[in-house]
Amino acid sequence: MAFSMPPEALLEGAAKPSGSEQSVLEKHVAFFDRNHDGIVYPWETFEGFRAIGAGYLLSMTGAFLIHFALSSKTRPGKYPSPFFPIEVKNIHLAKHGSDSGVYDSDGRFVSLKFEEIFRKFARTHGNALTSGELMAMLKANREPQDYKGWICSWTEWMTLYNLCKDNNGLLRKEIVKGVYDGSLFESMERDRKPHRK
């Protein structure tokens, strides 16, 4: 599925939060908080995936794996819940290793790390990644013996690539930026609404 969006719509709002504003990582996750209560349940994640055009199987599997892996990390000091909720305000506690470093430990956007992705790996086109360049980035980001982080990074990036590559098989810089701040999800959902009617 090819998806395009004006770059100016995605490049705004990535600054560090001040006061009680959400971090960029929280904004990334908040799209899946369908009832806006600060807690994301698996059925909300499923609904969010479906809203952006993911198939039934990907949506179901993604919701299960995400909540199984992240729920307890975002709920420190609380008993495990059979509903596997994710607390949006604590999503920074669930950051995994072997990632790009674009989110810092508090969930803020690190512009230098974002630009580094394209400076280091976008060899064919300066503002987009091919599948091979994406795989090279994932390999370069691997931390020794961090198998869980390797799998998480691979799954996130390949899902993004398969949902958002353009007709030439390129994952564009503005699309990647939009996924980091969550604005891409909202745009994808808006673009799909006319097709669902």
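These questions and answers cover the largest pocket and two helix pairs in a predicted model.

Trainee: What is the volume of the largest pocket, and which residues are the closest to its centre?

Mentor: The largest pocket has a volume of about 1200 Å³. Its lining is made up of 44 residues. The closest to the centre are His28, Ile66, His96, Cys152 and Glu156.

Trainee: Which helix gives the most residues to the lining of the largest pocket?

Mentor: Several helices give two or more residues to this lining, among them H2 (24–30), H4 (56–70) and H7 (147–164). With 13 residues, the one that gives the most is H7.

Trainee: How many residues of the lining are nonpolar, polar and charged?

Mentor: The lining of the largest pocket can be divided by residue class. Five of its residues are charged and 10 are polar, while the nonpolar ones number 29.

Trainee: Where does the largest pocket lie with respect to domain 1 and domain 2?

Mentor: Domain 1 covers 22–94 and domain 2 covers 96–187. Both give residues to the lining, so the largest pocket lies between domain 1 and domain 2.

Trainee: Are H6 and H7 roughly parallel or roughly antiparallel?

Mentor: The axes of H6 (residues 131–141) and H7 come within 11 Å and cross at roughly 160°. The crossing is right-handed. An angle over 145 degrees counts as roughly antiparallel, and H6 and H7 are therefore roughly antiparallel.

Trainee: Is the crossing of H5 and H8 left-handed or right-handed?

Mentor: The axes of H5 (residues 111–121) and H8 come within 12 Å and cross at roughly 150°. That makes H5 roughly antiparallel to H8. The crossing in which H5 passes H8 is right-handed.

Key: Residues are numbered from 1 along each chain as its sequence is written. This is a predicted model: local features need pLDDT of at least 70, side-chain atom pairs count only at pLDDT 80 or more; totals for chains, interfaces and linings use all residues. Side-chain values use heavy atoms; hydrogens and water are left out. On a 1 Å grid over the protein atoms alone, a cavity is a set of points where a 1.4 Å probe fits but cannot get out, and a pocket is an open set with protein on both sides within 12 Å along at least five of seven lines; lining residues have an atom within 4 Å of a point. Grid points are joined across faces, edges and corners, and a volume is the space filled by probe spheres set on the points. Helices (H or I, at least four residues) and strands (E, at least two) are DSSP runs, numbered from the N terminus. Ala, Val, Leu, Ile, Met, Phe, Trp, Tyr, Cys and Pro count as nonpolar, Asp, Glu, Lys and Arg as charged, and the others, Gly among them, as polar. Domain bounds come from an automatic or database domain assignment. Axes are lines fitted to C-alpha atoms, for helices over the stretch in contact, and angles run from 0 to 180 degrees between N-to-C directions. Angles under 35 degrees count as roughly parallel, over 145 as roughly antiparallel, 65 to 115 as roughly perpendicular and the rest as oblique. A crossing is left-handed if the near helix is turned anticlockwise from the far one by less than a right angle, and right-handed if clockwise.
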